[in-house]
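Reader: I should like to learn how to read the features of a protein model in an orderly way. Might we take them in turn, with the general idea before each case?

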Amino acid sequence: MKPFRKNVAVAIDGGGIRGVIVTRALTMLEEQLGRPSREIFGLAAGTSTGSIISAGIGAGLTGKQMYDLYVELGNVIFRKTLRSRLWLLTKYRYPLEPLEAALREAIGDIKMGDYWKGAKPIDVLITSYDLELQRTRFIKPYKGEYAEWPAVKAVLASSAVPTYFPAVEGRFVDGGVGSYANPCYPAAFEATQCLGWDPAETTLISFGTGKAPSHFDSTRANQMWAWEWLGPVMGAFLKSADDQQVHAAATLFPGLDFRRFQLALSEDIGMDQPEQMPQLLRYGDELGRKLLNDEWETPPDFRAALPQLSPR
């Protein structure tokens, strides 16, 4: 594996239970380097399940500890009940209390500002969408308005996927509702513009949680009913936003050692399917191997379609 630079940041996508893929890859990285994630990264940025992992890194949890938590608590947090099966007739599928209890057990009562204290401070960047203000909140430990926020609250605010969980305080929902299901661009900006890290001395590792296969049939596009467009449109939004984040991080910060690791899933694995744990472990091993073998994705080149203009 290509050595990391002086400053190392990690950015982790959303994806619900698929976060176990990233925790497995982190476990393999820690075994390779002989250090816990808290000693590897000076910045951890995350959205939704990525915020859980980022908050855990800041609190000193190892990849193995977080992996074990996902395996142990997946069926508790995404417990299948009459509500979850008839969710179209309810306001949401799962209550937040099991997730909140698990987070308190794992990271305690730590506040966001606590990450910025001590002998070795760490920047933990968590995204959430504020429905009231209609903008993404970038929750950081050194910002006064968030310093007293419990880290558990910040993570819940980032993880409250609409229809899956209720909104936190009636206004905060999953950060992926905005443009940051993949938070690699905010992480690059945070590292270079806010923390002042020299790009030439900075490595940014970006983890995806798996790309679902496409089942879109173009031969029947014009025969689809209105509700059948929900899946393709949402998929297009997420894919487009993901490409934009990767492109921005790769092109707007010259000199940055940016490495994006993602994998293609051969089957659909929803964010609330802990029964797919054996497959998720297999994908986690695959992502870990990609990381250790430097098999990162090539960022999309939006300039490839530019016309070749002749000078007038």
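Author: Let us begin with how elements are named. Helices (H or I, at least four residues) and strands (E, at least two) are DSSP runs, and they are numbered from the N terminus. In this structure, which is a predicted model, valine 246 lies in helix H9, residues 230–251.

Reader: How many helices and strands does the protein have?

Author: There are 10 helices and 7 strands.

Reader: Is valine 246 buried or exposed?

Author: A residue is called buried when its relative accessible area is under 20%. Valine 246 has 3% relative accessibility and therefore counts as buried. Its C-alpha atom lies 9.2 Å from that of threonine 298, although 52 residues separate the two in sequence. For the protein as a whole, 50% of the 312 residues are buried.

Reader: What share of the contacts join residues at least 24 apart in sequence?

Author: Among contacts between residues at least 6 apart, the share is 76%.

Reader: Let us turn to strands. Why is strand S2 said to be largely enclosed by the rest of the structure?

Author: S2 covers residues 43–47, and 5 of its 5 residues are buried, so the strand is largely enclosed. The burial applies to both faces: Leu43, Ala45 and Thr47 lie on one side, with Ala44 and Gly46 on the other.

Reader: Which strands pair with S2, and in what sense?

Author: Strand S1, residues 7–12, pairs with S2 in the parallel sense over 4 bridges. Within that pairing, valine 10 is opposite alanine 44. Strand S3, residues 123–130, also runs parallel to S2 and is joined to it by 5 bridges. Here leucine 43 faces aspartate 123 of S3.

Reader: What is the sense of the pairing between S3 and S4?

Author: S3 and strand S4, residues 135–139, run antiparallel, with 5 bridges between them. Threonine 127 is found opposite phenylalanine 138 of S4. The two strands form a hairpin with 4 residues between them, and glutamine 134 in the turn has a positive phi of about 55°.

Reader: How should a positive phi be read, and which residue in the loop between S2 and H3 has one?

Author: Most residues other than glycine have a negative phi. Serine 48 has a positive value, near 55°, and sits in the loop between S2 and H3. With 5% relative accessibility, serine 48 is counted as buried. Threonine 163 also has a positive phi, near 80°. Threonine 163 belongs to the loop between helix H7 (151–159) and strand S5 (172–174), and is partly exposed, with a relative accessible area of 35%.

Reader: Let us return to S4. What does isoleucine 139 touch?

Author: Isoleucine 139 is part of strand S4 and counts as buried, at 0% relative accessibility. Leaving aside neighbours within four places in sequence, its contacts are Met112, Val124, Leu125, Ile126, Ser128, Tyr146, Trp149 and Ala154. The C-alpha atoms of isoleucine 139 and valine 155 are 9.6 Å apart, with their positions 16 residues apart along the chain.

Reader: Which residues have the most contacts inside the largest nonpolar core?

Author: That core has 64 residues, and those with the most contacts inside it are Ile57, Met112, Tyr115, Phe165 and Phe207. A second, separate core has 16 residues, including Ala11, Ala187, Leu204 and Leu256. To return to isoleucine 57, its contacts beyond four places in sequence include Val10, Phe41, Ala44, Met66 and Ile122.

Reader: Finally, how is empty space inside a protein found, and how many cavities of 30 Å³ or more does the structure hold?

Author: Rolling a probe the size of a water molecule over the atoms shows where empty space is left. The structure holds 1 cavity of 30 Å³ or more. The largest cavity has about 330 Å³ of space. It is lined by 24 residues, of which Ile52, Tyr70, Ile77, Leu99 and Leu103 are the closest to its centre.

Reader: Which helices supply the lining, and what classes of residue are found there?

Author: Helices H3 (49–58), H4 (63–77) and H6 (97–107) each supply at least two residues of the lining. H4 gives the most, with 6 residues. By class, the lining has 18 nonpolar, 6 polar and no charged residues.

Terms used:
Residues numbered from 1 in each chain as written. Predicted model: local features only at pLDDT ≥ 70, side-chain atom pairs only at ≥ 80, totals over all residues. Heavy atoms only, no water. 1 Å grid on protein atoms, 1.4 Å probe; cavity = no way out; pocket = protein on both sides within 12 Å on 5 of 7 lines; lining within 4 Å. Points joined across faces, edges and corners; volume = space filled by probe spheres on them. Nonpolar A, V, L, I, M, F, W, Y, C, P; charged D, E, K, R; others polar. Core = buried A, V, L, I, M, F, W, Y, C linked by side-chain atoms within 4.5 Å. Buried < 20%, exposed > 50% of the residue type's maximum accessible area, 1.4 Å probe, protein only. Contact = heavy atoms within 4.5 Å. Pairing = 2+ DSSP bridges.
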